[in-house]
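I sat down with this one over coffee and kept a few notes as I went. Here is what I looked up, in the order that made sense to me.

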Amino acid sequence: MYSQTTISLTRGAFHSPVGPADLAPALKDLFIGQVVETFAAGEALFWEGDQAGQILEVLEGALRVYKILPDGRRAIMGFIYPGDVLGVSFQDRYLFTAEAITAVKVRRFSRGRFFSQVNESPALRPQLFALLCDEMSAAQDQIMLLGRKSAEERVVSFLLAIHRKCAAPGNEIELPMTRLDMADYLGLTIETVSRMMTSLVRRGFIHSTGRHSVALRKLSALRQISGSDEDEADGQPLPARRAVWPI
């Protein structure tokens, strides 16, 4: 996770307190009318160190954002999904590389205009503030994930985070990223991630539904494994937070 870099505009928990909900402007409205751009899988939208002049709204597809460590290793900081906004930073240059996992469609908006319009709007300011606070909370969760949880707890926490954000009927989730992507995000080896996923399938906690999708079973048991203190009924996920996205 990372703060002040990516936010989600799709969560229903955040509404402006100013005026009726259907009349108050929303952050996503800033991107209406902007040109839609398409990127192929594996293509970078921008690189770490590039001038941070644009903020992007993701319309379709999935991305990974990462940094390259001094020793050449890749550290994935999060995964970006439709509805997320990428590049909301107070730095002059991007602090990470954003790369398409699948074919991606985005709309760009000038960073200067974005902050100018937010600053001038009593309705938009609290929306941005609430979302950044949520992002910071998710970053704290990621610190705990990497610093205190076992390999199995990390993998299960990751799956549950995706479930909270974008579960389909039947608790099915899409995993467009590779096992190596998951490993670089969770601070594990690819062998460990594969072993944990195989173990979860064998024990009936998850079920493969496609090449890049799984269905989560026994949600209460999975939450116990992850160390989650959420009190949810199976099939009724809580409103999503920044999960991986990132999450």
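**Salt bridges**

I started at Glu48, which is partly exposed, with a relative accessible area of 33%. I should say right away that this is a predicted model. Glu48 meets Lys67 in a salt bridge, 3.0 Å from N to O. Lys67 is also partly exposed, as its relative accessibility is 29%. I then checked where the two sit: Glu48 is in the loop between E3 and strand E4 (54-60) and Lys67 is in strand E5, so the pair ties together parts 19 residues apart in sequence.

Next I asked myself: is Arg64, in its salt bridge with Asp181, buried or exposed? Arg64 counts as buried because its relative accessibility is 12%, under the 20% cut-off. Asp181 is buried too, at 2%. The closest N and O atoms of this pair are 2.7 Å apart. I noted that the pair links distant parts of the chain, with Arg64 in strand E5 and Asp181 in helix H4 (residues 179-186), 117 residues apart.

I followed the partners further and found one network of salt bridges joining Arg64, Arg74, Glu99, Asp181 and Asp184. For contrast, I looked at Asp71 and Arg73, which form a salt bridge at 2.7 Å, N to O, and are both exposed. My search of the whole structure gave 10 salt bridges.

**Strand E8 and its partners**

Glu99 took me to strand E8 (residues 97-100), where both faces are covered. Thr97 and Glu99 are buried on one side, and Ala98 and Ala100 are buried on the other. Strand E5 (residues 63-68) runs antiparallel to E8 and is joined to E8 by four bridges; Leu63 stands opposite Ala100. Strand E3 (residues 44-46) pairs with E8 over two bridges, again antiparallel, and Phe46 stands opposite Ala98.

**A three-stranded sheet**

I also looked up an open sheet with the order E10-E12-E11 and antiparallel pairing. Its edge strands are E10 (172-174) and E11 (206-210). Neighbouring strands are turned by 35° against each other on average, direction ignored. E11 and E12 (residues 213-216) pair over four bridges, and Gly210 has Ser213 as its bridge partner. Helix H3 (residues 151-166) lies across E10, E11 and E12, at about 100° to E10.

**Confidence**

Last, I checked pLDDT: the protein chain averages 81, and 77% of the residues score at least 70. Among the elements, strand E2 (residues 36-39) has the highest mean, 97, and strand E1 (residues 6-8) the lowest, 49. I marked residues 9-21 in my notes, since pLDDT stays under 50 there.

Notes. Residues numbered from 1 in each chain as written. Predicted model: local features only at pLDDT ≥ 70, side-chain atom pairs only at ≥ 80, totals over all residues. Heavy atoms only, no water. pLDDT = per-residue confidence, 0-100. Contact = heavy atoms within 4.5 Å. Pairing = 2+ DSSP bridges. Axes fitted to C-alpha atoms, helices over the stretch in contact; angles between N-to-C directions. Buried < 20%, exposed > 50% of the residue type's maximum accessible area, 1.4 Å probe, protein only. Salt bridge = Lys/Arg side-chain N within 4 Å of Asp/Glu carboxyl O.
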